[in-house]
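Reader: I am new to this structure and would like a close, careful look at a single part of it. Please take the charged side chains and the place where the chains meet, and explain each term as it comes up.

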Amino acid sequence: MKKNYCGCDSCGTPVETINSIVENHLEDIFHYCHHCTDSQGRLLPFERILENTTKFYIDTQDLNPVAAKTMAKQMLLEMPAWKRNI
Amino acid sequence: MKTTRQTQKTLTRKKLVTAAMKLFAKQGIIATNTAAIAKSAGVSHGTLFLHFPCRDDIIFAVLSRFGRSLCTAFKLHTSKNIKSLKCVLKAHLRVIEEFEDFYTHLVMEISLLAPKLKSFFFMLHASVSYRMFVNAQQDMQEGKIRPISRPLLFNTWIALIHYYLVHKDIFSPKKSVIKEKSPELLTHFMNLISLETRNN
């Protein structure tokens, strides 16, 4: 899936403040929200973001934890930050 | 600076997404094939696949456009100074109204679409829920609305809106159900969660 979304390129959230802008060697510009980055704006490891995204699904919509984790993984693997790297 | 070729590529991509959105809104997401999208955008079928290697990619692009509008609406209509839940709900309704026909098909067909699309749809919901609760907390602290959990606040709201959308043919035939019903639905929802109303 091409990078065509203006939200966070790691978790897909559209309404968070963008915390970090990172250019990679392919000259793509990635935008990350504060949930997906550390205090210096560096992208957190995939497992940590998977955990955070799962929790986000559960906390906001009361989804079943197993279903939430499956959905989180499906979605993250489509995001530009993770599509080529996992 | 973009070259002419890059500009053309971006324009073609935009045309394809716009055409897809119109067709999804008119005839449904599942019922729309890529050949029809390409024809409507005035490009060859092969060109569509250069931009969107599979059908799900173009659906994702339309969903992303909806997500961008949500993002813009929340930025425009909710500021650091205005932390009222009603502002978020109004902004949410405004975006749903803008995408009403597409969004209604999306709600009705989401279970039949690819899991990754469903996951993204629920991420958009998660973001609305998050924003609703951030603003609701202020109202809760000020005693304007009763304490209510984040998921139930959102799920109650979205259930109400989706019910009217899914049955729009009987609530507002051939018209925008959101445009017609949003003042009433907004007032009803606020009264439902309002402490002031409950105490009266």
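Author: Lys175(B) is a good place to begin, because with a relative accessible area of 48% it counts as partly exposed, a class that lies between buried (under 20% relative accessible area) and exposed (over 50%), worked out with a 1.4 Å probe and with protein chains only. This is a predicted model, in which local features need pLDDT of at least 70 and side-chain atom pairs count only at pLDDT 80 or more, while totals for chains, interfaces and linings use all residues. Residues are numbered from 1 along each chain as its sequence is written, chains are lettered from A and ligands numbered from 1 in the order in which they are written, and side-chain values use heavy atoms, with hydrogens and water left out.

Lys175(B) forms a salt bridge with Glu180(B), the closest N and O atoms being 3.1 Å apart; the term stands for a side-chain nitrogen of Lys or Arg within 4 Å of a carboxyl oxygen of Asp or Glu. Glu180(B) is partly exposed as well, at a relative accessible area of 38%. Over all chains, the count by this rule comes to 9 salt bridges, and 2 salt bridges are counted between chain A and chain B.

One salt bridge between the chains brings together the side chains of Asp59(A) and Arg150(B), at 3.9 Å from N to O. These residues do not stand by themselves, for Lys55(A), Asp59(A) and Arg150(B) are linked in a network of salt bridges. Another joins the side chains of Lys116(B) and Glu78(A), at 3.7 Å from N to O. Lys116(B) lies in helix 7 (residues 115–141) of chain B and Glu78(A) in the loop between helix 2 and helix 3 (80–83) of chain A, so this pair joins two chains; helices (H or I, at least four residues) and strands (E, at least two) are DSSP runs, numbered from the N terminus. Both partners, Lys116(B) and Glu78(A), are buried.

Around these salt bridges lies the wider meeting place of the chains. The contact, in the sense of heavy atoms within 4.5 Å, takes 26 residues from chain A and 32 residues from chain B. The area buried between chain A and chain B is about 2500 Å², with carbon and sulfur atoms giving 65% of it; such an area is the accessible area (1.4 Å probe) that two parts lose on being put together, summed over both. Between chain A and chain B there are 7 residue pairs in polar contact, both residues being at pLDDT 80 or more. A polar contact is a pair of N or O atoms within 3.5 Å; within protein, one must be able to donate a hydrogen and the other to accept it, and residues adjacent in sequence count only if both atoms are side-chain atoms.

On the side of chain A that touches chain B, the elements giving two or more residues are helix 1 (46–61) and helix 2 (65–76) of chain A. Helix 1 of chain A gives the most to that side, with 7 residues. Sorted by class, the side of chain A that touches chain B has 13 nonpolar, 8 polar and 5 charged residues, where Ala, Val, Leu, Ile, Met, Phe, Trp, Tyr, Cys and Pro count as nonpolar, Asp, Glu, Lys and Arg as charged, and the others, Gly among them, as polar.

The fold of chain A gives these helices their setting. Its secondary structure comes to 3 helices and 2 strands, which follow the pattern β-β-α-α-α along the sequence, and of the 86 residues of chain A, 48% count as buried. In the loop between strand 2 (29–33) and helix 1 of chain A lies Thr37(A), which counts as buried because its relative accessibility is 7%; its side chain reaches the backbone oxygen of Cys33(A) at 3.1 Å. Within chain A, Arg42(A) forms a salt bridge with Asp38(A), with the closest N and O atoms 3.0 Å apart, and Asp38(A), at 22% relative accessibility, counts as partly exposed.

Two loop residues complete the view. Most residues other than glycine have a negative phi. Asp62(A), in the loop between helix 1 and helix 2 of chain A, has a positive phi near 65 degrees, and at 56% relative accessibility Asp62(A) counts as exposed. Lys174(B), found in the loop between helix 9 (168–171) and helix 10 (177–193) of chain B, also has a positive phi, of about 60 degrees, although it is not a glycine; at 91% relative accessibility, Lys174(B) counts as exposed.
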